[in-house]
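This explanation follows a single chain of reasoning from one helix to the pockets of the protein. Please look over the sequence and the structure before reading on.

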Amino acid sequence: MSGKVYFVGAGPGDPELITLRGNALLEDADLVLYTGSLVSQEVLRYVKGETINSHGLNLDELTEIMVDAVRDNKKVVRLHTGDPSLYGAIYEQIVALKEKNIESEIVPGVSSLFAAAASLGVQLTLSGVTETLIVTRPAGETLESDTIRELSKYHPTMAIFLGVHKIEEIMDKVEYPPETPAAVVYHASWQDEEIITGTVADIAEKVKNSRIKQSAMILIGDVIHPESFRRSHLYGSQ
Ligand SMILES: C[S@@+](CC[C@H](N)C(=O)[O-])C[C@H]1O[C@@H](n2cnc3c(N)ncnc32)[C@H](O)[C@@H]1O
């Protein structure tokens, strides 16, 4: 491990849900830059070297710290929550490092999407219900407009990141029958995980009356409470 920056997926929060490779890199790192409150402190306990919270640093500042450390022969890990490839803003960091002739490697992680599905006991793609999972987010500060309405028309399983504070707008927008199951999982896999289940019609009200304001996954679709489904050919058809 040297000469490059490792973008490591920290997993959703539970320290046992980081990969063996991610864990080994954390233990070996001289410097770990982590994404603020999104990364669970429990995962940081694997780190023996220096840690820097990247909250408030701009891309130039972040890049300079990583470049200087690599040039000092330090082993550098950039730790991102869940899987780095989902809403991780890693590509701009990889490009900025490349411009300074520093290579990168991505080590995948367990996304909060999969931790939320596990906590709900849900199979995201279920034969006879839907074969399609859509991963998206609502418009906001860093996104002018979204396509949630269009994407919902075919009634896929939909996983919505970065959107629990907009749940009312989202549920007004989607074109599922109102009785379609919906769920919100706050801090999936953390000690203080919280789950709210309901329907497209009532989940926004339930969330509004809860303490959940951020760090939550919204899932919509019949896979949450399937009325019926087809058994997989893998185990013989029904
Ligand atoms: C910047 S994105 C990062 C997503 C991350 N790369 C992943 O794969 O989970 C942050 C959003 O991910 C979701 N999220 C992250 N960790 C979560 C968790 N433990 N439980 C539920 N949602 C989580 C929330 O929607 C949060 O607003």
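In this predicted model, helix H1 covers residues 20-28, and its buried residues are Gly-22, Asn-23, Leu-25 and Leu-26. Viewed down the axis of H1, these buried residues fall within an arc of 165°, so they line one face of the helix. Buried here means under 20% relative accessible area.

What do the buried residues of H1 pack against? Their partners are four strands and one helix by name: strand S1 (4-9), strand S2 (31-34), strand S4 (76-80) and strand S5 (103-107), together with helix H2 (41-44).

Strand S4 also leads to the pockets, since S4 is among the elements that each supply at least two residues of the lining of the largest pocket. The others named are helix H3 (59-71), helix H4 (91-99), strand S8 (181-186) and strand S10 (216-220). The largest pocket holds about 1600 Å³ of space. It is lined by 47 residues, and those closest to its centre are Thr-35, Leu-38, Thr-81, Tyr-87 and Leu-162. By residue class, the lining of the largest pocket contains 19 nonpolar, 21 polar and 7 charged residues.

The second largest pocket has a volume of about 170 Å³. Which residues line the second largest pocket? They are Val-129, Pro-177, Glu-179, Thr-180, Pro-181, Asp-222, His-225, Pro-226, Glu-227 and Ser-228. This lining divides into 4 nonpolar, 3 polar and 3 charged residues.

Conventions. Residues numbered from 1 in each chain as written. Predicted model: local features only at pLDDT ≥ 70, side-chain atom pairs only at ≥ 80, totals over all residues. Heavy atoms only, no water. Buried < 20%, exposed > 50% of the residue type's maximum accessible area, 1.4 Å probe, protein only. Arc of directions from axis to C-beta. Contact = heavy atoms within 4.5 Å. 1 Å grid on protein atoms, 1.4 Å probe; cavity = no way out; pocket = protein on both sides within 12 Å on 5 of 7 lines; lining within 4 Å. Points joined across faces, edges and corners; volume = space filled by probe spheres on them. Nonpolar A, V, L, I, M, F, W, Y, C, P; charged D, E, K, R; others polar.
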